[in-house]
Amino acid sequence: AFHRKHAGVVRKAINDRLWDDWRIFIDCRTRSLYSKKVSVPTNALALLCGVASGARAKKIIQYLSECDTVTPAGTPFMTGLFAKALFHHDRGAEAIQMIREYWGEMIRRGATTFWEEFDPRTPRTCVPLSLDDNHSMTSLCRGWSGGPTYLLPAYALGVRPISPGFQEFLIAPQPGNLAWAEGRIPTPRGEIALRWERDKRHASMRISLQFPRSCQARLELPVPAGGKHFELNRTLLKAGR
């Protein structure tokens, strides 16, 4: 109760003092002087932490997607937080596209691990080198940059824990424009195996799921394009040993 109370105070203060009706959340303020800087990290964290909701959350997502004067995330770590914020607000298609464009470009430039820093706007000849004086503090293998390794199974595939140890877990895929996804999620109770696939018109989804008997699954499925209901073949939902 103590932390909830103070979180509410901080949330209200941020909304009262840092929200700019002409833009979105600014990075800082000194008395009556507003920062000219609006950045992805500040607003991504506002979305993730529940500081922004309702109309303000929608405005942030639209503003960050359309405005070219916003300071970009700058690192894969912060870009991953913005992608997670998009998933949190049911904007899975945009999050998946961001992963394709950002981390995909990193791979196209020869990455076999996740780089600590990356700006896809730089020329393709600009690849960070650990021996380059300009990148002496840059790691070419950074765990914090590996956002998609969590985001894709947790949101695109759609497997997330509801209670500790996956005793109860959620199946809530956000497929975007993906035709199918498949994965195996290790848990303390055993492996969860899930595959979903959609038809060419994305009007139906077929799901195959196996999970430990000591777990309970809760399904929250996306509404098919042009559809109003699901037909669930229960033989495809099998509890393991």
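## Helices α2 and α3

Helices α2 and α3 run roughly antiparallel to each other, because angles over 145 degrees count as roughly antiparallel and this pair packs at an angle of about 150°, with the axes 10 Å apart. This is a predicted model, so please read each value below as computed from predicted coordinates. The α2 helix spans residues 40-48, and its crossing with α3 is left-handed.

Which residues of α2 meet α3? They are Val40, Asn43 and Leu47, and their partners in α3 are Ala57, Ile60, Ile61 and Leu64. Sorted by class, this contact holds six nonpolar residues and one polar residue, with no charged ones.

## Helices α4 and α5

Next comes the pairing of α4, residues 76-88, with α5, residues 92-108. Their axes come within 7 Å and cross at roughly 160°, and α4 and α5 are therefore roughly antiparallel to each other. The crossing in which α4 passes α5 is left-handed.

On the α4 side, the contact uses Pro76, Thr79, Gly80, Phe82, Ala83, Leu86 and Phe87. Facing them from α5 are Gly92, Glu94, Ala95, Ile96, Met98, Ile99, Tyr102, Trp103 and Met106. By class, the residues of this contact come to 12 nonpolar, three polar and one charged.

## Helices α5 and α6

Helix α5 also packs with α6, which covers residues 147-157. Here the axes come within 11 Å and cross at roughly 155°, which makes α5 roughly antiparallel to α6. The crossing of α5 and α6 is left-handed.

From α5, the residues in this contact are Ile96, Ile99 and Trp103. From α6 they are Gly147, Pro148, Leu151, Leu152 and Ala156. The contact has seven nonpolar residues and one polar residue, and no charged residues. If you have the structure open, Ile96, Ile99 and Trp103 of α5 are handy to select, since they appear both in the contact with α4 and in the contact with α6.

## The largest pocket

How much space lies in the largest pocket? The computed value is about 680 Å³. Its lining is made up of 23 residues, and those nearest the pocket centre are Val40, Pro72, Met98, Tyr102 and Pro120. By class, the lining has 12 nonpolar, five polar and six charged residues.

Which elements give two or more residues to the lining? They are α3 (54-66), α4 and α5, and α5 gives the most, with five residues. Some names here will be familiar from the helix contacts: Val40 is one of the α2 residues that meet α3, while Met98 and Tyr102 are among the α5 residues that meet α4.

Key. Residues numbered from 1 in each chain as written. Predicted model: local features only at pLDDT ≥ 70, side-chain atom pairs only at ≥ 80, totals over all residues. Heavy atoms only, no water. Axes fitted to C-alpha atoms, helices over the stretch in contact; angles between N-to-C directions. Helix = DSSP H or I, 4+ residues; strand = E, 2+ residues; numbered from the N terminus. Parallel < 35°, antiparallel > 145°, perpendicular 65-115°, else oblique. Left-handed = near helix turned anticlockwise from the far one by under 90°. Contact = heavy atoms within 4.5 Å. Nonpolar A, V, L, I, M, F, W, Y, C, P; charged D, E, K, R; others polar. 1 Å grid on protein atoms, 1.4 Å probe; cavity = no way out; pocket = protein on both sides within 12 Å on 5 of 7 lines; lining within 4 Å. Points joined across faces, edges and corners; volume = space filled by probe spheres on them.
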